[in-house]
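Work through the exercises below with the coordinates open. Each task is followed by a solution in steps.

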Amino acid sequence: MQPVTAQTHAISLNPATGQRLAAYPYESDAQLDVALARNHDAFLSWRQTPVTHRAKKLRDLAAALRDNAEAMAQLITAEMGKPVVQARAEVTKSAALCDWYAEHGPAMLATESTQVEENKAVIEYRPLGPILAVMPWNFPLWQVLRGAVPVLLAGNGYVLKHAPNVMGCALFIKTLFIKAGFPAGLFEVINVTPAGVSRAIKDSRIAAVTVTGSGRAGAAIGAQAGAALKKCVLELGGSDPFIVLNDADLDEAVKAAVAGRFQNTGQVCAAAKRFIVEEGIAAAFTDKFLTATRQLKAGDPTLETTQMGPMARYDLRDELHEQVTASLDEGALLLLGGEKLAGEGNYYAPTVLGNVTREMTAFRQELFGPVAAITVARDAEHALELANDSDFGLSATVFTADNALAAEMASRLECGGVFINGYSASDPRVAFGGVKKSGFGRELSHFGLHEFCNVQTVWKDRR
């Protein structure tokens, strides 16, 4: 009998207790081939179904999500440690996503007519085929559905390779698609090693690839997709600047800063990580930020009052602590936290670093956990310079009472999304994605719907 190891199985651990929840054996090449064949066969039929029928199935999926909301939320909490209140919000948001695309998506896929001199032409949005999705653990439902819903509405198939520690969530999501009446195999889950991912990318039945994850994973998978001449959308890491200018509403800025940094235990790609504060308000902001951070209720993620749970994996906690230690050695000041918490579970203390400069690890690298880095800027121009001094470009926040200045700064910030007097979020009505090492391509809105379409021009009666 094959031993159960991380090399042979995807292992799900409860990060709040360290206890093993389940182990899922990785699939063989033959099993992967069966899954890809099943998805491709389902796609061939699905692509012929009217878009109105596809939209109806999304409504049914939203209903299935709501009917099974508590079970889904509890599983998210068990597998990756998200506080259960936040897990329920993830399910609610995902169901709303389904409804939004069901209502607005068909019109976005409608034929577009135009006149080219004396000739008539139309633009048709055709499906590409099965889309391979390599997804992360931090939003195990939302990240999957924000890609899968528009992909399926456009008439494609969807093949999910989820993170090993949330395979239970992956399989539960598949059951929800079945409950909603989607064709068998159209939403397929594969449990494979990186070698299996490479094999899937090369397979002729896979039309394109989408990845949400680390820069390292995105670079590797993106390179393989490019070598196979297949389109790829990458949503990677971020080290989002949160700019606070002297005229900002200080209480609102602090409230948004704490929520933006410590939601999901700081494990969010598009989240406030580098707090760049104009010097006239820096001391007051820091004091209020520390006070609010100390009031966070960290602990058992199954409790309704918990605001911050454990980190999802022990290796990620170790990596975060190494980044904090390196930053302190480089001259940062430890204002709060900075330690792994003793006892069972994968907890890290809410941490605030001060005196962070652009040369330090906390400024240059992504801090994927409950650590905030505060940097002081001389003025708005210096704040903008610091904000753009990053390899990443996912999102940014600007807090100021000067609307004209905020708009001008937004136009110069090198990122995919700018939030004025509020912290980063995603919504199906607007595009989401980044630039630089945060990736390329867009999810959500009509941009996300059209990413995996063959935009086909059909000339009529050309003379």
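**Exercise 1: one helix and its two sides**

The buried residues of α11 are Leu 316, Arg 317, Leu 320, Gln 323, Val 324 and Ser 327, where buried means under 20% relative accessible area, exposed over 50% and partly exposed in between (1.4 Å probe, protein chains only). The model is predicted: local features need pLDDT of at least 70 and side-chain atom pairs count only at pLDDT 80 or more, while totals for chains, interfaces and linings use all residues. Residues are numbered from 1 along each chain as its sequence is written, and side-chain values use heavy atoms, with hydrogens and water left out.

Task: state why these residues are placed on the same side of α11, then find what they pack against.

Step 1. The buried residues cover an arc of only 120° around the axis, so they lie on the same side of α11; the arc is that of the directions from the helix axis to the C-beta atoms.

Step 2. An α-helix has 3.6 residues a turn, so residues three or four places apart point the same way.

Step 3. On the other side of α11, Glu 322 and Asp 329 are exposed.

Step 4. With contact meaning heavy atoms within 4.5 Å, the buried residues pack against β13 (351–354), α12 (361–364) and β14 (371–377). Helices (H or I, at least four residues) and strands (E, at least two) are DSSP runs, numbered from the N terminus.

**Exercise 2: the span of the helix**

Task: compare the reach of α11 (residues 314–329) with its expected span.

Step 1. The expected span is 1.5 Å times one less than the number of residues; for the 16 residues of α11 this is 22 Å.

Step 2. From first C-alpha to last, α11 reaches 23 Å, close to the expected value.

Step 3. After α11 comes Gly 331, with a positive phi near 115°.

**Exercise 3: a ring pair**

Task: classify the pair of Phe 275 and Phe 285.

Step 1. Rings of Phe, Tyr and Trp (its six-membered ring) pair if their centres lie within 6.5 Å; planes under 30 degrees apart count as stacked, over 60 as edge-to-face and the rest as tilted. This rule gives twelve aromatic pairs.

Step 2. The centres of Phe 275 and Phe 285 are 6.4 Å apart and the planes are at 35°, so the pair is tilted.

Step 3. Phe 275 belongs to strand β11 (residues 272–278) and Phe 285 to helix α10 (residues 279–294), ten residues apart.

Step 4. Phe 275 is buried at 0% relative accessible area, and Phe 285 is buried at 0% as well.
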